[in-house]
Amino acid sequence: MTFRVFETPFWRSQNTNQSEMLGNLVIVDTPGPNEAGENLRLSAVVEEQLRQSSIVLIVLDFTQLKTKAAEEVKKEVQKVIKLRGKENLYVLINKVDQRTESDLTPEQVKQFVAAEFGIGNAGENRVFEIAARSAFCATNFMQEIEQHPNASIAEMKTARALAQQVFGIEWEDDLKEATPNQLKKKAEKLWKNQALHHF
């Protein structure tokens, strides 16, 4: 298994008061069950990282919750619970922006995941929905507008991606009429709604 170290600047809104570094964040990204045909494995290195962790975040794909791949993940989660216990386990459900009316509601997702992964009542406070793509678009736009406050919409590289997220089917027409300030408000609202809003 190859481990890589990535360093990235952390964007923080000028309006938030967040503490300076509180600790180390180590991300161990193991292959999922339907990535290149490999099953998720807990190697000795991953196990060692898990033993040293304060918390473990498991990210699940909302669109794959009831598939065979999810069954494989379930087995591996049981190994994590054996190593670290339920009290250190948090589950993030990504891609919830793809939910349709016939899909599980947020409450049903919490109940399903808690039951499937054996975390019981703890699931109420340990299962969170996220929409990473939406949050990413919002964050990129807010970062660009902070760096270039006088830029026009046409000059902004991130405006089109954000408009697709917030305006829907007529996003191109709506984007032509939008002001940077209007888009900024949309981005802030989208970010608040999508970026770990249950945490």
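**Exercise 1: Lys95**

Task: Decide how Lys95 counts, given its relative accessibility of 34%.

Solution:
- Step 1. A word about the model before we begin: it is predicted.
- Step 2. Recall the cut-offs: buried is under 20% relative accessible area, exposed is over 50%, and partly exposed lies in between.
- Step 3. Lys95 counts as partly exposed because its relative accessibility is 34%.
- Step 4. Now find Lys95 in the chain: it belongs to the loop between strand 2 (89-94) and helix 3.
- Step 5. Look at the backbone as well. Most residues other than glycine have a negative phi. Lys95, however, has a positive phi, near 70°.
- Step 6. For company, turn to Gly118, which comes just after helix 3 and has a positive phi of about 70°.

**Exercise 2: The order of the elements**

Task: Work out how many helices and strands the protein chain has, and in what order they run.

Solution:
- Step 1. Count the elements: there are eight helices and three strands.
- Step 2. Read them from the N terminus on: α-β-α-β-α-α-β-α-α-α-α.
- Step 3. Add burial to the picture: of the 199 residues in the protein chain, 35% are buried.

**Exercise 3: Around Tyr90**

Task: Find which residue forms an aromatic pair with Tyr90, and say how the two rings are arranged.

Solution:
- Step 1. The structure has one aromatic pair. Its members are Tyr90 and Phe128.
- Step 2. The ring centres are 6.2 Å apart, with 20° between the planes. Planes under 30 degrees apart count as stacked, so this pair is stacked.
- Step 3. Place the partners: Tyr90 is in strand 2 and Phe128 is in strand 3 (residues 127-129). With these positions 38 residues apart, the pair links distant parts of the chain.
- Step 4. Check burial: both Tyr90 and Phe128 are buried.
- Step 5. Tyr90 has a charged neighbour too, since Arg126 lies over its face at 5.0 Å from the ring centre.

**Exercise 4: The cavity and helix 3**

Task: Describe the largest cavity and name the residues that line it.

Solution:
- Step 1. There is one cavity of 30 Å³ or more, and the volume of the largest cavity is about 40 Å³.
- Step 2. Its lining consists of Leu65, Ala70, Glu71, Lys74, Phe112, Glu116 and Phe117.
- Step 3. Helix 2 (68-84) and helix 3 (106-116) are the elements that each give two or more residues to this lining. Helix 2 has the largest share, with three residues.
- Step 4. Sort the lining by class: four residues are nonpolar, none is polar and three are charged.
- Step 5. Follow Phe112 further. Phe112 is among the buried residues of helix 3, together with Val109, Lys110, Val113 and Ala114. The charged end of Lys66 sits over the ring of Phe112, 5.4 Å from the ring's centre.

**Exercise 5: Helix 5 and Trp191**

Task: Compare the span of helix 5 with the expected one, then find how far Met142 is from Trp191.

Solution:
- Step 1. Helix 5 covers residues 132-147, which is 16 residues. From first C-alpha to last it reaches 22 Å, close to the 22 Å expected at 1.5 Å a residue.
- Step 2. Its buried residues are Ser134, Ala135, Cys137, Ala138, Thr139, Phe141, Met142, Glu144 and Ile145.
- Step 3. Met142 and Trp191 are 49 residues apart along the chain, and 9.4 Å separates their C-alpha atoms.
- Step 4. Trp191 is in helix 8 (residues 180-194). It counts as partly exposed because its relative accessible area is 29%.

**Exercise 6: Two more contrasts**

Task: Say whether Phe62 is buried or exposed, and do likewise for Gln52.

Solution:
- Step 1. Phe62 is in the loop between strand 1 (56-61) and helix 2. Its relative accessibility is 8%, so Phe62 counts as buried.
- Step 2. The C-alpha atoms of Phe62 and Val96 are 5.8 Å apart, with the two residues 34 apart along the chain.
- Step 3. Gln52 is in helix 1 (residues 44-52). Its relative accessibility is 54%, so Gln52 counts as exposed.
- Step 4. Gln52 and Arg84 are 32 residues apart in sequence, and 9.1 Å apart in space from C-alpha to C-alpha.

Technical notes
Residues are numbered from 1 along each chain as its sequence is written. This is a predicted model: local features need pLDDT of at least 70, side-chain atom pairs count only at pLDDT 80 or more; totals for chains, interfaces and linings use all residues. Side-chain values use heavy atoms; hydrogens and water are left out. On a 1 Å grid over the protein atoms alone, a cavity is a set of points where a 1.4 Å probe fits but cannot get out, and a pocket is an open set with protein on both sides within 12 Å along at least five of seven lines; lining residues have an atom within 4 Å of a point. Grid points are joined across faces, edges and corners, and a volume is the space filled by probe spheres set on the points. Helices (H or I, at least four residues) and strands (E, at least two) are DSSP runs, numbered from the N terminus. Ala, Val, Leu, Ile, Met, Phe, Trp, Tyr, Cys and Pro count as nonpolar, Asp, Glu, Lys and Arg as charged, and the others, Gly among them, as polar. The expected span of a helix is 1.5 Å times one less than its number of residues. Buried means under 20% relative accessible area, exposed over 50%, partly exposed in between (1.4 Å probe, protein chains only). Rings of Phe, Tyr and Trp (its six-membered ring) pair if their centres lie within 6.5 Å; planes under 30 degrees apart count as stacked, over 60 as edge-to-face and the rest as tilted. A charge sits over a ring if NZ of Lys or CZ of Arg is within 6 Å of the ring centre and within 35 degrees of the ring normal.
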